[in-house]
Every structure is written in structure tokens, then in C-alpha cells.
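Here are a few exercises to work through with the model open in your viewer. Try each task before you read its solution.

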Amino acid sequence: MGTTVLPIQQLVLMIVVMGGITLLSRAFPFVLFDRKGNPPRAVLYIGKVLPPAVIAMLVVYSFKDVDFLSAPFGVNEIAAGLLVVVLHGKFKNSLISVFGGTAFYMFLVQEGWKIFLG
């Protein structure tokens with residue numbers, strides 16, 4: 001396979017199009033929201049509904065392939081899930097809950113149970 005060299009006009013056009021798309025994506029929030037700081041009702045609704053929906057999806061995704069009938073019986077997943085619940089109850093911050101649970105789960109999978117099993 002050889003390399004294909006693009007003509008300079010095509011390269012310039014690609015750069016201009018990418019720059020224009022970047023500019024539009026940066027300017028979009030300023031066009032969408034008025035200067036008074038009142039976002040549209042649809043945006044407020046999405047901001048209210050989306051975080052719990054994402055958390056619910058993460059819970060379903062986290063437990064979908066767990067086999068509770070064979071060792072280790074989903075202990076790592078259950079422990080990390082319980083930590084997420086505790087962290088969210090204490091801090092009321094989804095970011096802390098998700099990252100804390102993920103870090104704890106990764107620790108359990110990599111090293112955690114070696115501490116308890118010797």
C-alpha cells in the first residue's frame with residue numbers, strides 16, 4: 001500500500017471545514033442560552049433527569065454479566081456497588097460515587113482479596 005498525497009486545495013478545505021465546525025460547536029451554547037442566565041426548560045429537564053438515568057444504566061451494565069451462582073459469586077461487584085451507595089449517601093456527588101466505586105472495584109479485582117486470603 002502506498003501513501004496518498006492530497007492536493008493542497010483539499011487540505012486547506014479540510015482545515016477550514018474543521019475550524020468552522022469547531023467554531024460552531026464553541027459558539028452553540030452562547031446562541032442557545034440567553035444572556036439573562038435562563039436556560040430553556042428542555043435543558044433544565046435533561047439536567048435533572050440525565051444523571052439518575054446514567055447511574056441506572058451503569059448499575060445495569062455493571063451487574064449484567066455477573067454469575068452469582070459460581071465463585072467468586074459477584075463479591076467484587078457487590079462490594080463496589082455498596083461502596084457507591086455509601087459514598088453517594090455521604091457526599092451526594094455522582095462523580096465521587098462513580099470514581100470511588102470504580103477505583104475500589106479495580107483494587108479488588110487486581111489485589112484486594114489477596115489481602116484477605118493470604
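**Exercise 1: two residues with positive phi**

At 44% relative accessibility, Phe73 counts as partly exposed. This is a predicted model, so keep that in mind as you go.

Task: find where Phe73 sits and what is notable about its phi.

Solution. Start with the location: Phe73 belongs to the loop between H2 and H3. Next, check the backbone: its phi is near 60 degrees, a positive value in a residue other than glycine. Now try Lys92, which lies in the loop between H3 and helix H4 (94-117). Here phi is near 55 degrees, again positive in a residue other than glycine. Lys92 comes just after H3. For the side chain, use the cut-off of over 50% for exposed: Lys92, at 62% relative accessibility, is exposed.

**Exercise 2: the sides of H3**

Task: work out whether the length of H3 fits a helix, and which residues make up its buried and exposed faces.

Solution. First the length. Helix H3 covers residues 75-91, which is 17 residues, and at 1.5 Å a residue it should span 24 Å. Its end C-alpha atoms are 24 Å apart, so the two agree. Then list the buried residues of H3: Asn76, Glu77, Ala80 and Leu87. They cover an arc of only 95 degrees around the axis, so they fall on the same side of H3. Finally, flip to the face turned away from that buried side, where you'll find the exposed residues Leu82, Val85, Val86 and Lys90.

**Exercise 3: around Phe63**

Task: describe the surroundings of Phe63, leaving out residues up to four places away in sequence.

Solution. Phe63 is in helix H2 (residues 41-63). With a relative accessible area of 28%, Phe63 is partly exposed. With those sequence neighbours left out, Phe63 touches Phe68, Glu77 and Ile78. Glu77 should ring a bell, as one of the buried residues of H3. For one more distance, take Gly81, 18 residues away from Phe63 along the chain: their C-alpha atoms are separated by 9.3 Å.

**Exercise 4: the salt bridge**

Task: which side chains meet in a salt bridge, and how exposed are they?

Solution. There's one salt bridge in the structure. Side chains of opposite charge can pair when their charged atoms come close. The partners are Asp65 and Lys64, at 2.7 Å from N to O. Now the exposure: Asp65 has a relative accessible area of 64% and is exposed, while Lys64, at 48%, counts as partly exposed.

**Exercise 5: the whole chain**

Task: summarise the fold pattern, and compare the chain with a compact globule of 118 residues.

Solution. Begin with the secondary structure: four helices and zero strands, giving the pattern α-α-α-α along the sequence. Then look at overall dimensions. A compact globule of 118 residues would have a radius of gyration near 13 Å, but this chain has 23 Å. Along the principal axes, the C-alpha trace spans about 65 × 55 × 25 Å. Move on to burial: buried residues make up 8% of the 118 residues. The accessible surface comes to about 10,000 Å², with 74% of that belonging to carbon and sulfur atoms. Last, check the contacts. Among those between residues at least 6 apart in sequence, 32% join residues at least 24 apart.

How values were computed:
Residues are numbered from 1 along each chain as its sequence is written. This is a predicted model: local features need pLDDT of at least 70, side-chain atom pairs count only at pLDDT 80 or more; totals for chains, interfaces and linings use all residues. Side-chain values use heavy atoms; hydrogens and water are left out. Helices (H or I, at least four residues) and strands (E, at least two) are DSSP runs, numbered from the N terminus. The expected span of a helix is 1.5 Å times one less than its number of residues. Buried means under 20% relative accessible area, exposed over 50%, partly exposed in between (1.4 Å probe, protein chains only). The arc is that of the directions from the helix axis to the C-beta atoms. The radius of gyration is taken over C-alpha atoms; the globule rule is 2.2 Å times the number of residues to the power 0.38. Contact means heavy atoms within 4.5 Å. Accessible areas come from the Shrake-Rupley method with a 1.4 Å probe; for residues, only the protein chains shown count as cover. A salt bridge is a side-chain nitrogen of Lys or Arg within 4 Å of a carboxyl oxygen of Asp or Glu.
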